[in-house]
Amino acid sequence: MIAPVVVCNPDELHPPQALKERLGIDPGRRLTLILHGGVQGEAEALRRDLSLPAEEVIHALTLRDPAPLFPAAPWLLGADRLVGGTGYNFYRETAWLGLRERTLYRPFRRGGEDTAWRLRACAAIQPGYNGADWLARAALAG
């Protein structure tokens with residue numbers, strides 16, 4: 001058993017201003033970023049559930065975008081608030097990258113995966129390393 005596999009480490013994140021530059025958003029405005037890679041309709045549900053000030057920019061990144069910004073993990077530092085489900089990727093990425101405090105998680109009902117459990121049971125767990133790094137070292141060691 002190894003720690004969760006995350007696509008990048010905290011020291012590999014793009015600088016905070018990079019996301020707003022990439023999306024063409026005024027750097028002085030607050031950005032809520034919705035991230036979604038799951039079942040169709042869930043991203044819309046996340047947006048409907050938000051009650052944010054009118055001046056806050058809400059931008060959704062999904063795997064269904066014509067040119068998706070995925071993997072999104074390296075860009076997450078640029079959002080003032082992150083919103084997503086508690087599926088493995090989003091939950092583990094925000095936890096490992098130290099972004100839990102700016103993240104709103106919403107569990108969804110999905111067959112075979114209890115995403116509400118992940119939020120309850122794993123909230124206090126912070127792995128001591130990235131499983132991706134462990135796998136890379138193991139592969140190089142043969």
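Helices (H or I, at least four residues) and strands (E, at least two) are DSSP runs, numbered from the N terminus. This is a predicted model, in which local features need pLDDT of at least 70 and side-chain atom pairs count only at pLDDT 80 or more, while totals for chains, interfaces and linings use all residues. Residues are numbered from 1 along each chain as its sequence is written, and side-chain values use heavy atoms, with hydrogens and water left out.

**Exercise 1. Locate Pro71 and describe the peptide bond before this residue.**

Step 1. Pro71 sits in the loop between strand E2 (57-62) and E3.
Step 2. The bond joining Phe70 and Pro71 is cis, with omega at about 5°.
Step 3. For background, most peptide bonds are trans.

**Exercise 2. Set out the secondary structure and overall dimensions of the chain.**

Step 1. The chain has five helices and six strands. From the N terminus, their order is α-β-α-β-β-α-β-β-β-α-α.
Step 2. The chain is as compact as a globular protein of 142 residues, because its radius of gyration of 16 Å is close to the 14 Å from the globule rule. That radius is taken over C-alpha atoms, and the rule is 2.2 Å times the number of residues to the power 0.38.
Step 3. The C-alpha trace spans about 50 × 35 × 30 Å along its principal axes.
Step 4. Of the 142 residues, 41% count as buried (under 20% relative accessible area; exposed is over 50%, partly exposed in between; 1.4 Å probe, protein chains only).
Step 5. Among contacts (heavy atoms within 4.5 Å) with a separation of 6 or more, 67% are between residues 24 or more positions apart.
Step 6. The accessible surface is about 8200 Å², and carbon and sulfur atoms hold 55% of that area. Such areas come from the Shrake-Rupley method with a 1.4 Å probe; for residues, only the protein chains shown count as cover.

**Exercise 3. Describe the largest pocket and its lining.**

Step 1. Fix the term. On a 1 Å grid over the protein atoms alone, a cavity is a set of points where a 1.4 Å probe fits but cannot get out, and a pocket is an open set with protein on both sides within 12 Å along at least five of seven lines; lining residues have an atom within 4 Å of a point.
Step 2. The largest pocket holds about 350 Å³ of space. Grid points are joined across faces, edges and corners, and the volume is the space filled by probe spheres set on the points.
Step 3. Its lining has 19 residues, with His36, Gly37, Phe70, Asn89 and Phe90 nearest the centre. Two or more lining residues come from each of strand E1 (31-36), strand E3 (81-85) and helix H3 (88-96).
Step 4. H3 contributes the most, four residues.
Step 5. By class, the lining has nine nonpolar, eight polar and two charged residues. Here Ala, Val, Leu, Ile, Met, Phe, Trp, Tyr, Cys and Pro count as nonpolar, Asp, Glu, Lys and Arg as charged, and the others, Gly among them, as polar.

**Exercise 4. Why is H3 largely enclosed by the rest of the structure?**

Step 1. Seven of the nine residues of H3 are buried, so the helix is largely enclosed.
Step 2. The buried residues are Phe90, Tyr91, Arg92, Glu93, Thr94, Ala95 and Trp96.
Step 3. These buried residues pack against E1, E3, strand E4 (103-106) and helix H4 (115-122).
Step 4. Just after H3, Gly98 has a positive phi of about 75°.

**Exercise 5. Is Arg81 in strand E3 buried or partly exposed, and what about Gly85?**

Step 1. Both Arg81 and Gly85 belong to strand E3.
Step 2. Arg81 has 25% relative accessibility and counts as partly exposed, whereas Gly85, at 9%, counts as buried.
Step 3. Beyond four places in sequence, Arg81 touches Arg30, Leu31, Thr32, Leu33, Leu52, Glu56 and Arg102.
Step 4. With the same exclusion, Gly85 touches Leu46, Phe90, Tyr105, Arg106 and Phe108.
Step 5. Arg81 and Ile34 are 47 residues apart in sequence, and their C-alpha atoms are 8.5 Å apart.

**Exercise 6. Place Arg64 and list its contacts.**

Step 1. Arg64 lies in the loop between E2 and E3.
Step 2. At 45% relative accessibility, Arg64 is partly exposed.
Step 3. Leaving out residues up to four places away in sequence, Arg64 touches His36, Gly38, Val39 and Gln40.
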